[in-house]
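Please consider the following structure, presented as a short briefing for a first-year student.

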Amino acid sequence: MLVLTNGTLIDGTGKEPIEKAVVVIEANTIKSVGPEIAYPEGSPVIDLGGRVIMPGLIDCHLHLGGFVIDDPNWQFSSRSFMPWFSSFLWDYLRHFAKRRRLAIENGVTTIRSAGDNYPDITKLRDRIELGKLTGPRIFAPGPIFTAPGGHPAGTIYRRNRYIVEHATRQVDDAEVAREEVRKLAEGGVDCIKAVYSRINLMDLAHDVPQLDLRVLEATVDEAHRHNLRTMVHAGSPEETRNAVTVGADSIEHGIGPDGDPIEFTDTLIAMMVDKGTYYVPTVAVSWALKNTYPGFLAKVKATVKKLHDSSVKIATGTDSGMPGVVIGKSIHIEMDLLVEAGLSPMEAIVTATRNAAGNLGQEHHLGTIEEGKLADIIVVSGNPLEQASKTGEIEMVIKNGEVSINRLRKGRFPQA
Ligand SMILES: [Zn+2]
């Protein structure tokens, strides 16, 4: 048992903060929470000295095996390859220790990695789940469904046969797609991802094969039969409309890299609200690309604002793994960008907590500090209601009831 007292509770539901809150954690679960909570005498107590206590953050779209490079202009070259490759290999051999640490250090206790080598990714997830490795909870689709030669199989992965084989499923037949989904469901993936887009992210031309709409429909339908949620990468208004129509649970990015804003018509928005489709705008990666594609970021923000005002549920995703967006750190940037787009800081917090959990189908377990939820909790020194990215001023991280980081005990801050 662990008792946290004297916290300013932002519980992730969007409700007003509660001062002098007490949170009682028993094993991996939040046992009780509120302003005046009794707890057994002699329990270990940590006085938070009025600091903000909130749910662990959730990043619904990143690439765990991607780059950990701050510079958005970084490019492959004969000079950059070896330093990148050796640091990647070193981390890969340590089961992505650096990436796991960056997530936890930044209070990101849950991630959805949007397409990885399978079954490596589910094995890593299980090792973390069993407590053999520290790291965020991983939700993973494993391989990405795409057309033969489609993105990313025929684009960024095309020179690496191993990755194409393990991280993609190139399908052009609805029955084959169903069969592949069934196999992955049995193998234990958490969701299914499909790329339904003609955009070649290598040179941004609209020239790669696109998943057949009937194949996408079969993929989504079969996933739902196995209780797996679906994330769809769409890049044009028409693609987005089609993806929502066939039942995609979340639309990722939702804007073409050439800056074409997706026209979310009133009909499409009404459909998304009606079906509960989430929008994961990955604003952080647009921010990283702001000099390469002038005007792009403003369009993404306008889209976020329009959908949010129309009650479409927004969930945080950063697309970390792209140069310029680093796992963990980028979620705080995403929070500020959502506020710049027009959300209140509290609403931005909800997108990274309750909404993100809902997007993963985990609203009963994660995303809020409420009785019965899993104890994924962070304590921050600043006030994220003044500036959302203060979520990055981490003092304490608790995941699954276990304290991963505790700077309050080091004596840097006097106990209240
Ligand atoms: Zn991505």
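The points below cover the nonpolar cores, a surface patch and the backbone.

This is a predicted model, in which local features need pLDDT of at least 70, side-chain atom pairs count only at pLDDT 80 or more, and totals for chains, interfaces and linings use all residues. Residues are numbered from 1 along each chain as its sequence is written, and side-chain values use heavy atoms, with hydrogens and water left out.

**Nonpolar cores**
- The largest nonpolar core has 45 residues, and Tyr279 and Leu307 are among those that touch the most other members.
- A nonpolar core is a set of buried (under 20% relative accessible area, 1.4 Å probe, protein chains only) Ala, Val, Leu, Ile, Met, Phe, Trp, Tyr and Cys residues joined through side-chain atoms within 4.5 Å.
- Helix α10 gives the most to this largest core, with 5 residues.
- Apart from this core lies another, of 36 residues, including Met54 and Val380.
- In soluble globular proteins, nonpolar side chains tend to be buried together.

**Backbone**
- Most residues other than glycine have a negative phi, and most peptide bonds are trans.
- The peptide bond from Tyr118 to Pro119 is cis, with omega near 10°, and Pro119 lies in the loop between β7 (108–113) and α3 (120–129).
- The peptide bond from His151 to Pro152 is also cis, with omega near 0°.
- Asn6 has a positive phi near 60° and counts as buried, at 18% relative accessibility.
- Phe96, which is not a glycine, has a positive phi of about 60°, and Phe96 is buried, with a relative accessible area of 12%.

**Surface**
- Phe81 is partly exposed (between 20% and 50% relative accessible area), at 34%.

Technical notes: Helices (H or I, at least four residues) and strands (E, at least two) are DSSP runs, numbered from the N terminus.
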